[in-house]
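Me: Got a minute to go through this one with me? I'll put it up here.

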Amino acid sequence: MVSEYKSLQSDRPHVGSSRSGLICHQGQQKDDKFLFLKSQGISTGSGCLPDQMGFPIGICVPPAQSIAAGGQEDKGGSCESHTDRSILAQKSLVFLAQDHVRERPLGTAGHSGLTSSRSDQPSTSEGSPFDGMVFERSLLKSRGFSPNLIDTLMKSRKNITTKIYSRTWRKFLASSNFNIEEGIPINQILEFLQRGLELNLSTSTLKVQISALGALFSCNIAGNYWVSRFIKAASRSRPIHKNRSMPWDLNLVLSALTKEPFEPLHSASLKLLSLKTAFLVAITSARRIGDIQALSRLSPYTEFLQDRVVLRPDPAYLPKVASDFHRSQEIVLPSFLPNPSNSKEELLHTLDVRRCLLEYISVTDAWKREDALFLSFQGPRKGLRVSKCTLAKWIREAISLAYTAGGSPAPQNLRAHSTRAMATSWAERSGVSIDQICKAATWSSPSTFFKHYRLDLGFSSDLTFGLRVLQAIVPP
């Protein structure tokens, strides 16, 4: 039997409380009306889910034999038989009962409706988690899209992006009470952003929230006049103060990697071999941790040549920016002094990333369980692809151990992502062109480097303009 609902009609018999605390009917219920849990944040004020949001308006009821004899709810219930109650659909049968609708007791019946006011509702941190992917699928389904088309559209974003958007959707729906028939609730969107601004959220975080809400309402919210004006005001009221100083000393770290306990490489522990190799790949490639974590040791994705090693991305991997430019960029790591002729060159050759990769792959091939380049070296996950969090930890630990080996305290607040800024800034100081830097770091525009990654390393070129001005005092 399928029951269709539009709203709880006001001419239903009086609703009261039963002995067991469940909502019940005064008089036997024989028709097909059901009580639904109210969805917090998307209520239209009548205690019903709005049809315009695309939620299905029907529920499926199991065969009669699946309901316990005598009117009991389910096997997990402890209440006694009451045949005079209205039928309460099982949780698994009510659309979004676990994923999207926040469970809470229904309020006392009154003149304004069956549910209590919003201020009396528990916070959204309680109950079942909000599943953003299921929620978005329901929105796409409401547009009449086929399951295959929905599967294709869901691949337009990475899973992590969907999770980030889901958090914004959950917070917005929990804090807003709008009628979708009135169009896009720009006023409530602005108030939502204002609350974020008052909580000291950064401008970049607010922009992510705008993108998430744009996906929720399937429109370009960022192009709205008032939203654009709000972001401009937020940027002007709280300008970004970028710390351009070096977060750690690259020369100190590289020097430590040439000595014990990191060398000799064949006698170093598996942990130190993993840390050193991961750090050298990160610092010589200037790539994101996710790009490095997704590398494969198989041919043709990893190719060792005489003077370099070429790492190509797996075609199945989606980088942060999934454009053809970003997906086609190879990682070329040069061999460093492959034929040392003296003791100094032999010492520097210990920083050869090609040499470290050959040793690392040779050691880990014996117990690998995946074909990923970097593998966990301990615990139940030994031999499996290392996670991004663990790989970032390796790089931070390599820097810390290098400081400790050199007799210096490790810097605070280390971030593995800082290797991108250090690598590209030192490359510029060494005379590498901006085009080469952008290609290595997969930046489509030099402004990304200058705005976010360029560190203050005392560039002599920065002095040129001022010196030329002061040299006007010199007679021609």
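Me: What share of the protein chain's residues count as buried?
Reply: 38% of the 476 residues do, with buried meaning under 20% relative accessible area, exposed over 50% and partly exposed in between (1.4 Å probe, protein chains only). Keep in mind this is a predicted model: local features need pLDDT of at least 70, side-chain atom pairs count only at pLDDT 80 or more, and totals for chains, interfaces and linings use all residues. Residues are numbered from 1 along each chain as its sequence is written, and side-chain values use heavy atoms, leaving out hydrogens and water.

Me: How many helices and strands in the protein chain?
Reply: 17 helices and 7 strands. Those are DSSP runs numbered from the N terminus (helices H or I, at least four residues; strands E, at least two).

Me: OK, strand E7. Which side chains point to which face?
Reply: E7 covers residues 331-334. Ile 331 and Leu 333 point to one face and are buried, while Val 332 and Pro 334 point to the other and are not. In a regular strand the side chains alternate between the two faces of the sheet.

Me: And which strand is joined to E7?
Reply: E6, residues 308-311, runs antiparallel to E7 with 4 bridges joining them; strands pair if DSSP finds at least two bridges between them. Leu 311 stands opposite Ile 331 in E7.

Me: Switching topic: where does Ile 164 lie?
Reply: In helix H3, residues 159-175.

Me: Why does Ile 164 count as partly exposed?
Reply: Because its relative accessibility is 30%.
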